[in-house]
Amino acid sequence: MAVSEQRAGVNLTNLDEPLSADAGASKRDLVDYLDAVADHILPGLAGRPLTVLRVLRGQKPFMQKNAPKYTPDWVRTVAIWAETSQREVHYALCDDRRTLLWFANQRAVEYHPTLGLADDIYRPTHLVLDLDPPDDDFAKVVAVADLVRQALADSGLSGAVKTSGAKGIHVFVPIDDSVPVDDVAAATRALAARAEAIDPSIATTAFIVEDREGKVFVDSTRAGGATVAAAYSPRLRPGTPVSFPLDWAELEQITPGDFTVHTAMAALDGRPSWAQAMPEPQRLPTELIEFGRTIPVAQVAAMHEGKRRARVRRQSP
């Protein structure tokens, strides 16, 4: 395979090939963008086991957790036991520009780090709420983001906000290490429930899609060893948008499509990075955790409800 270019000791190949039919971007655009935002994206990737979404020519996109056998020895990796699949997964850690460029050359478009660091992925450094609208009406998700911000303030907490790069919004709340992951998960459920309670006509915590009634889903399930698209990560969607950090006051003035691999660099001018915009780590209130413990885990509740509905269908004449 002919080398088109070399940067930071990484051979870059086939740079002029499109990422996908509707990406509106080539592999060169991906490489140039990630190289340009390296100083911004790397603080959110470094030290965190990384899952990437790759799109290879002639293949369907796929999520990659295990570092492939041909991974260079200078790419740092960490072995973590996966309970669900009962196997050891060798994750890559994207700690520097050289590794980021290597991933870009592998046509890794999306970057999904764990919420916990490699030494304990089950101790999240951030509490995360993922706001998922039912359609492309971004105004709906902005309205629910305001509810989440109010729920945070009512609990003495503050967070930072970014577009997901898809249709929604991610709210990140940096937390200290004073409580175990189960308590972080409980606090996340509590905040979602409080946001929903402020205006249940537009927000829902219903895990089952058909129960959401056209409302914005306040997803509280990003805890434990979960991953979330990194700030500045491109997304494999039409136009190749990126997950872009914003000030809360900006939400009503933008749409997620405003930030792509072609436009995001210009939008970075004069604004703080995601790391700079993040509040200091906060202690989760005991009262919030205790309230969250009374709320069933969404996936478990949905599983039981699904079984109940299946029984009803079977018993119906």
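**Close-up A. Helix 1 packs against helix 3 in this predicted model.** Helix 1 covers residues 27-36 and helix 3 covers residues 97-105; the pair meets at an angle of about 165°, with axes 9 Å apart. An angle over 145 degrees counts as roughly antiparallel, so that is how helix 1 and helix 3 run relative to each other. Their crossing is right-handed. On the helix 1 side, look for K27, L30, V31, L34 and D35; helix 3 answers with R97, L100, L101, A104 and N105. Sorted by class, this contact comes out as six nonpolar, one polar and three charged residues.

**Close-up B. Helix 4 meets helix 5.** Here the partners are residues 138-154 (helix 4) and residues 181-198 (helix 5), packed at about 120° with 8 Å between the axes. That makes helix 4 and helix 5 oblique to each other. Helix 4 goes past helix 5 in a right-handed crossing. From helix 4, the residues in play are L147, V148, Q150, A151 and L152, while helix 5 brings L191, R194, A195 and I198. The class tally for helix 4 against helix 5 is seven nonpolar, one polar and one charged.

**Close-up C. The largest pocket, with R222, G225, A226, T227 and V228 nearest its centre.** This pocket holds about 660 Å³ of space. Its lining takes in 35 residues, and the ones to centre the view on are R222, G225, A226, T227 and V228, which lie nearest the middle. Several strands pitch in with at least two lining residues each: strand 5 (77-82), strand 6, strand 8 (126-132), strand 10 (169-174) and strand 12 (216-219). If you're sorting the lining by class, expect 15 nonpolar, eleven polar and nine charged residues.

**Close-up D. The second largest pocket, with W274 among the residues nearest its centre.** The volume here is about 290 Å³. There are 19 lining residues, and G44, R48, H126, F172 and W274 are the ones nearest the centre. Helix 2 (38-45) and helix 7 (274-277) each hand over at least two residues of the lining. Helix 2 has the largest share, with four residues. The lining splits into 13 nonpolar, five polar and one charged.

**Close-up E. The one cavity of 30 Å³ or more in the whole structure.** A search of the whole structure turns up just this one at that cut-off, and the space inside is about 40 Å³. To find it, pick out the lining: L50, V52, Q64, K65, N66, A67, H90, Y91, A92 and F103. The elements giving two or more residues to that lining are strand 3 (49-54) and strand 6 (87-93). Strand 6 makes the largest contribution, three residues. By class, the cavity lining is six nonpolar, three polar and one charged.

Notes:
Residues numbered from 1 in each chain as written. Predicted model: local features only at pLDDT ≥ 70, side-chain atom pairs only at ≥ 80, totals over all residues. Heavy atoms only, no water. 1 Å grid on protein atoms, 1.4 Å probe; cavity = no way out; pocket = protein on both sides within 12 Å on 5 of 7 lines; lining within 4 Å. Points joined across faces, edges and corners; volume = space filled by probe spheres on them. Nonpolar A, V, L, I, M, F, W, Y, C, P; charged D, E, K, R; others polar. Axes fitted to C-alpha atoms, helices over the stretch in contact; angles between N-to-C directions. Parallel < 35°, antiparallel > 145°, perpendicular 65-115°, else oblique. Left-handed = near helix turned anticlockwise from the far one by under 90°. Contact = heavy atoms within 4.5 Å.
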